[in-house]
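Biologist: Please take me through one part of this model at close range. Start with one residue and its surroundings, then work outwards from there. Keep it brisk.

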Amino acid sequence: MTKHISNYPDVLTVEEVKEILQIGRRSTYRLIEANEIQHFKIGTKIRIPKQCLIDYLNKRSAQEASVC
């Protein structure tokens, strides 16, 4: 069963972002490395504020709407 984004913590792991977006690990890292999704590092660990993921999704939605 897929969890709703509101059920995730305020700071996400790469794995959690992958689950939310329902994409592969490699695609998730590509989005992060391209700074499509804002993130920060703690040591070697990548963390993504949930609001940054929401901002990314809103931006994508706006772009898709302008294409139609």
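Modeller: Start with K50, which sits in helix α3, residues 50-67. The model is a predicted one, so read every value as computed from that prediction. Is K50 buried or exposed? K50 is buried: its relative accessible area is 11%, and the cut-off for buried is under 20%. What does K50 touch, once residues up to four places away in sequence are set aside? The list is I5, S6, Y8, P9, D10, V11 and L12. Each of these has a heavy atom within 4.5 Å of K50, because that is what contact means here.

One of those partners, Y8, has a lysine of its own to deal with. K3 lies over the face of the Y8 ring, 4.4 Å from the ring centre. That counts as a charge over a ring because the limit for the distance is 6 Å. Ring against ring is another matter. How many aromatic pairs does the whole structure hold? A search finds zero. For such a pair, the centres of two rings would have to lie within 6.5 Å.

Next, helix α1, residues 14-21. Its buried residues are V14, E16, V17, I20 and L21. Why do they belong together? They cover an arc of only 160° around the axis, so they sit on the same side of α1. Note that a glutamate, E16, is among the buried residues. Just after α1 comes Q22, with a positive phi of about 55°. Q22 is not a glycine, yet its phi is positive. It lies in the loop between α1 and α2. Q22 is exposed, because its relative accessible area is 58% and the cut-off for exposed is over 50%.

Past that loop is α2, residues 25-33. Which residues of α2 are buried? They are T28, L31 and I32. Viewed down the axis of α2, these fall within an arc of 100°, so they line one face of the helix. The face turned away from the buried side carries R26, R30 and E33, which are exposed.

T28 is worth a closer look. It belongs to helix α2. T28 is buried, because its relative accessible area is 0%. Leaving out residues up to four places away in sequence, T28 touches V14, V17, K18 and I23. Two of these, V14 and V17, appear among the buried residues of α1. So the contacts of T28 link α2 to α1 through V14, V17 and K18, because α1 covers residues 14-21.

After α2 comes N35, and its phi is positive too, near 60°. N35 is another residue other than glycine with a positive value. It is found in the loop between α2 and β2. Buried or exposed? Neither: N35 counts as partly exposed, at 44% relative accessibility.

E36 is in that loop as well, between α2 and β2, with β2 covering residues 40-42. E36 is partly exposed, with a relative accessible area of 37%. Which residues does E36 contact, apart from neighbours within four places in sequence? They are L31 and Y56. L31 is one of the buried residues of α2. How far is E36 from V14? Their C-alpha atoms are separated by 13 Å, and the two residues are 22 apart along the chain.

Now step back to the whole protein. It has three helices and three strands. Along the sequence they run β-α-α-β-β-α. Buried residues make up 25% of the 68 residues. Take contacts between residues at least 6 apart in sequence: 45% of them join residues at least 24 apart.

Then the overall dimensions. The C-alpha trace spans about 40 × 30 × 20 Å along its principal axes. The radius of gyration is 12 Å. A compact globule of 68 residues would have a value near 11 Å, so the two agree. The accessible surface comes to about 5,000 Å². Carbon and sulfur atoms account for 50% of that surface.

Note on methods. Residues numbered from 1 in each chain as written. Predicted model: local features only at pLDDT ≥ 70, side-chain atom pairs only at ≥ 80, totals over all residues. Heavy atoms only, no water. Phe/Tyr/Trp six-rings, centres within 6.5 Å; stacked < 30°, edge-to-face > 60°. Lys NZ or Arg CZ within 6 Å of the ring centre and 35° of its normal. Helix = DSSP H or I, 4+ residues; strand = E, 2+ residues; numbered from the N terminus. Buried < 20%, exposed > 50% of the residue type's maximum accessible area, 1.4 Å probe, protein only. Rg over C-alpha atoms; globule rule 2.2 N^0.38 Å. Areas by Shrake-Rupley, 256 points an atom, 1.4 Å probe, with all protein chains shown as cover. Arc of directions from axis to C-beta.
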